[in-house]
Structure formats: structure tokens, C-alpha cells
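Please look at the sequence and the model below, and keep both in view while reading. The paragraphs that follow lead from the ligand to the open and enclosed spaces in the protein.

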Amino acid sequence: MARADLLSWIPEGHPDEMLVGQVNFDRLPEHIAIIMDGNGRWAAQRHLPRVEGHRAGIDAVRDTVETAARLGIKVLTLYAFSIENWKRPATEISTLMMLLKRYLRSELKTLLTNNIRFLVIGRMDDLADDIQDELRAAMVRTANDSGMLFNIALNYGGRAEIVDAARRAIEAGIRPEDLDEQRFASFLYTAGQPDPDLLIRTSGEMRVSNYLLWQIAYTEIYVTETLWPDFRRRHLLEAVVAYQKRERRYGGITIDPRLRSSQAR
Ligand code: FPP
């Protein structure tokens, strides 16, 4: 179903068809998180203002959201604005917010058509009222969608999320002896969601940048040199294929079958 859905969207003979052929649809990552990086460098390479990189980044967002949904990914989380991003020039921040608003207005129909549920994770209350209204409207309109969950991390910080969760746990009157990892996770913004299986970072930087710190404990990290505005369906498929070649051990070991038989003896 997901394979057919994805292939129906790719023109016949397009090289991406071959990549789809390499994907194992029985072993898809359930949750993909992405650090969209390199917008500024993309713009600088073209002697354009930084905000043009963000503007171009919207096309990458559109393509990635639709690819992930058609591929059959359950959760996609994009890092759109961190708590640290407030340090940027005011004009860059206001452009980012304007782009976000415009994206939501123009893409709501696509989200609904593709049965995508939209959710904001982060300290949303600190954003401007008009942005909050737009975000809430999108969350309400897509609340009953049962397909992919699209989280957008906005005014988000991993440490802030952990602090917010601790505050909520205390407010809920949890006794220290009743708190364990599972219970704690139920106070995070991502409560009830699977942890990311795959974290993609564009533009070659080797950092996690305060992103989903609790949730990425065992996540596979994939870094591509591609700058975010150039990121397209092909790059997402390449990341999934690379992920599927990895061996996940969650702190355990993989026993070589030959050793296993000699141990049995
Ligand atoms: C990092 O590039 C990118 C961001 C801080 C913002 C990402 C936002 C968008 C792509 C647009 C809005 C998003 C949505 C979901 C509608 P950078 O500016 O740090 O790049 P640099 O490291 O090359 O300077």
C-alpha cells in the first residue's frame, strides 16, 4: 500500500523508482526526526540574504512531509525553531514566523488530503498570538487525521522539555518512588509517541543541538552534506535505506551464530 502510494507519485522512469525498490517496507523507521540545517549557507552560496534560504527551505519541508506520509512513516518531527534561535536578528525571526504562517495556510489542504495530524512541540505559549492562533487552528483541523503524525518543534529545547516534564510531574503530585522512565516520558511533549528510530541532520554538522535529548537515547543518527533547501524525496529515501543497513543493539550485543553454536557445545 505504502509502496504503491509512493510509486504513484513518482513519474515513470524517474531514478527515485530505483531507490523505492531498495526500501524494505517491513522495516521502516516508525519515527523520523530531522534537524533542518544549512539554510543560511545555501543562501550565502548564492549571494542571497539568509532569509532566502529559509524561504527555499519550505519547498524541502513540503516534499519531505509528503514523502514521509506516502512512505508510511508514523511520526515525522521537524526542528523549525529552537529556544536558542531567539538570539538571531529580529528580521530573520519575523521572516521565519511569517513563513511558518504562510506554510500552514497553504499546506493545510495537503495535510488533510494526506490524512496527516499536525502537532506543535515546544513552548508554544511564548510565541506571538497570531502565530499561536494559526498553529492551534491547524492542530484542531487535523486532530482527527489518523495517518502520519507531523510534529513541528517550535520554540523547542530538549533540556527545556525535560524541565517542563519535571514540573508537570511535580504538579501532578507524582511521588518519587512512583517515577520511572516510562512515567517520566508520559510528561514529555511527545507523550504516547514512539522514540525516533532515525535522526537526520542536513549540512554535515555533527551535533544534536538540544533536540529531543530524552527521546534520542538509542536513535540512529544520519548526517548528510546536503543543505536543507536542497533536501528532497531522494535524500529521505537514501537515509531510510542507510538506516535499514544498520544493526540496532540497544546496548546489548549481537551474538555471531557460529559462536552461539560453539558455546552450546
Ligand atoms: C537552520 O538553518 C534552519 C532553521 C533555523 C530554520 C528552519 C526553518 C525552515 C526550513 C522554515 C520554516 C519551517 C516550517 C516547518 C514551515 P541555518 O539558518 O542555521 O543555516 P546555517 O547553519 O547554514 O546558517
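How many ångströms (Å) separate a backbone N or O atom of Gly38 from an oxygen atom of the ligand? In this model, which is predicted, a backbone N or O atom of Gly38 lies 3.3 Å from an oxygen atom of the ligand. Asn39 also places a backbone N or O atom by an oxygen atom of the ligand, at 3.2 Å, and for Gly40 the corresponding value is 3.0 Å. On its own the ligand has 630 Å² of accessible area, and the protein covers 91% of that area.

Around the ligand there are 18 residues, and those that come nearest are Asp37, Gly40, Arg41, Arg50 and Arg88. By class, this shell divides into nine nonpolar, five polar and four charged residues. Three helices, α3 (39-45), α4 (50-71) and α5 (90-113), each supply at least two residues of the shell, and α4 gives the most, with four residues.

The view can now widen from the ligand to the space that holds it. The space taken by the ligand is the largest pocket, which has a volume of about 690 Å³. This largest pocket is lined by 32 residues, of which Met36, Asn39, Tyr79, Ala80 and Asn85 lie nearest its centre. Strands join helices in the lining, since at least two residues each are supplied by α3, α4, β2 (75-82), α5 and β4 (149-156), and the lining as a whole divides into 17 nonpolar, eight polar and seven charged residues.

The second largest pocket has a volume of about 290 Å³. It is lined by 16 residues, and Ala2, Asp5, Ala69, Arg70 and Gly72 are the closest to its centre. Both α1 (2-7) and α4 supply at least two residues of this lining, with the largest share, three residues, coming from α1. In terms of class, the lining of the second largest pocket has eight nonpolar, four polar and four charged residues.

Finally, there is the enclosed space. The structure holds one cavity of 30 Å³ or more, and the volume of the largest cavity is about 40 Å³. Its lining consists of Arg62, Val65, Glu66, Tyr103, Glu107, Thr110, Leu111 and Ile116. The elements that give two or more residues to this lining are α4 and α5, and α5 gives the most, with four residues. The lining of the largest cavity divides into four nonpolar residues, one polar residue and three charged residues.

Methods: Residues are numbered from 1 along each chain as its sequence is written. This is a predicted model: local features need pLDDT of at least 70, side-chain atom pairs count only at pLDDT 80 or more; totals for chains, interfaces and linings use all residues. Side-chain values use heavy atoms; hydrogens and water are left out. A residue is near a molecule or strand if one of its heavy atoms lies within 4 Å of it. A polar contact is a pair of N or O atoms within 3.5 Å; within protein, one must be able to donate a hydrogen and the other to accept it, and residues adjacent in sequence count only if both atoms are side-chain atoms. Accessible areas come from the Shrake-Rupley method with a 1.4 Å probe; for residues, only the protein chains shown count as cover. On a 1 Å grid over the protein atoms alone, a cavity is a set of points where a 1.4 Å probe fits but cannot get out, and a pocket is an open set with protein on both sides within 12 Å along at least five of seven lines; lining residues have an atom within 4 Å of a point. A molecule sits in a cavity or pocket if more than half of its atoms lie within 2 Å of its grid points. Ala, Val, Leu, Ile, Met, Phe, Trp, Tyr, Cys and Pro count as nonpolar, Asp, Glu, Lys and Arg as charged, and the others, Gly among them, as polar. Grid points are joined across faces, edges and corners, and a volume is the space filled by probe spheres set on the points.
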